[in-house]
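Here's a quick tour of one model, with a look at a pocket and at some charged pairs. Have the structure open as you read.

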Amino acid sequence: MRALSVQWIAILLVLCVAYPYFVFEKISGLPWNFLVWVIGLLACCLSVLVKQAFWWWFIHFFFAPLFYFVFQLHLPPIYFLLAFLFLFLIFKGCITHQVPLFLSNLTTLKNLEDFIQKEYPQQNAQKIHLADLGAGIGSVVLYLAKRFPNIEFYAIENAPLSFWIGKLRCRKFNNIHWQMHNFAHQNLNHFDLVYVFLSPNPMPSLWIKAKKEMKKNALLVSCTFAIPNANAFQIVDEESPRPLFCYRL
């Protein structure tokens, strides 16, 4: 609702200024090719002012121009329905927890691999259970499963298309277990390490859940987004755009 409010406020402000001006100048028709960019710029500024996450700045900036120029194509309605269904199947997490599809890059994966090796030097002698909450298309569990065959990986994803893509990619690994449901409903007491790459929005509630359910000395690793009012015992690659914030329960 806040995102929609930002767009509506930007549209109304621009029209309140533009409409009287162009009527006074007796110009026929508003120059929408120009105004949609003004709306986008104003929406972006409003998004910054209300302290939305940085990716919302770009969404707000391009939303009105993209909407206008696609409208000019006069596409059949079925295309919009198909586009909506496709985006819903990929980005369902945006609706449930304001968590878009983030893909962990190779640097993050290598940092996570090194961290696991240091924390579990005897992983070959015991069964470690690692969960990726919001596993996307399986980039993290697929990379780690190749390097830690004795660790049991649990990929939790609630976006249907992402889930099936990830499950298909990981089909050859017996130590990767896919579950399609909301990570907020996943009991965490079984896991030694939980990895997340979510967004700032669910982090406080995730921390409360982790403290309540995870076993003593279990680890919670968050890529990019720190947990408010929680002290990380280690921050891996702190100066990079995607540090790993490591918490011990």
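What follows covers one pocket first and then a few salt bridges.

## A predicted model

Keep in mind that this is a predicted model. Everything below is read off its computed coordinates.

## The second largest pocket

Let's start with the second largest pocket, which has a volume of about 270 Å³. Which helices supply at least two residues each to its lining? They're helix H1 (2–24), helix H2 (32–49) and helix H3 (54–71).

The lining residues are Leu4, Gln7, Trp8, Ile11, Trp32, Val36, Ile39, Phe63, Ala64, Phe67 and Tyr68. Sort them by class and you get 10 nonpolar residues, 1 polar and no charged ones. Gln counts as polar because Gln isn't in the nonpolar or charged groups, and Gln7 is one of the lining residues.

## Salt bridges across the chain

On to the charged pairs: the structure holds 5 salt bridges. Side chains of opposite charge can pair when their charged atoms come close.

One of the bridges joins the side chains of Arg248 and Glu119, at 3.2 Å from N to O. Arg248 sits in strand S7 (residues 244–248) and Glu119 in helix H6 (residues 106–119), so this pair ties together parts that are 129 residues apart in sequence. How accessible are the two partners? Arg248 is partly exposed, at 37% relative accessibility, and Glu119 is partly exposed too, with a relative accessible area of 23%.

Another bridge brings together the side chains of Glu152 and Lys127, at 3.1 Å from N to O. Here again distant parts of the chain are linked: Glu152 belongs to strand S2 (residues 151–156), while Lys127 is in the loop between H6 and strand S1 (128–133), and the two are 25 residues apart. Glu152 has a relative accessible area of 14%, so it counts as buried, the cut-off being under 20%. Lys127, at 47% relative accessibility, is partly exposed.

## A salt bridge within one helix

Where do Glu213 and Lys209 lie? Both are in helix H9 (residues 203–213), 4 residues apart, which is about one turn of the helix. Their side chains meet in a salt bridge, at 3.0 Å from N to O.

Is Lys209 buried or exposed? Lys209 counts as buried, at 15% relative accessibility. Its partner Glu213 comes out at 21% and counts as partly exposed. The two labels differ because the cut-off for buried is under 20% relative accessible area.

Notes. Residues are numbered from 1 along each chain as its sequence is written. This is a predicted model: local features need pLDDT of at least 70, side-chain atom pairs count only at pLDDT 80 or more; totals for chains, interfaces and linings use all residues. Side-chain values use heavy atoms; hydrogens and water are left out. On a 1 Å grid over the protein atoms alone, a cavity is a set of points where a 1.4 Å probe fits but cannot get out, and a pocket is an open set with protein on both sides within 12 Å along at least five of seven lines; lining residues have an atom within 4 Å of a point. Grid points are joined across faces, edges and corners, and a volume is the space filled by probe spheres set on the points. A salt bridge is a side-chain nitrogen of Lys or Arg within 4 Å of a carboxyl oxygen of Asp or Glu. Buried means under 20% relative accessible area, exposed over 50%, partly exposed in between (1.4 Å probe, protein chains only).
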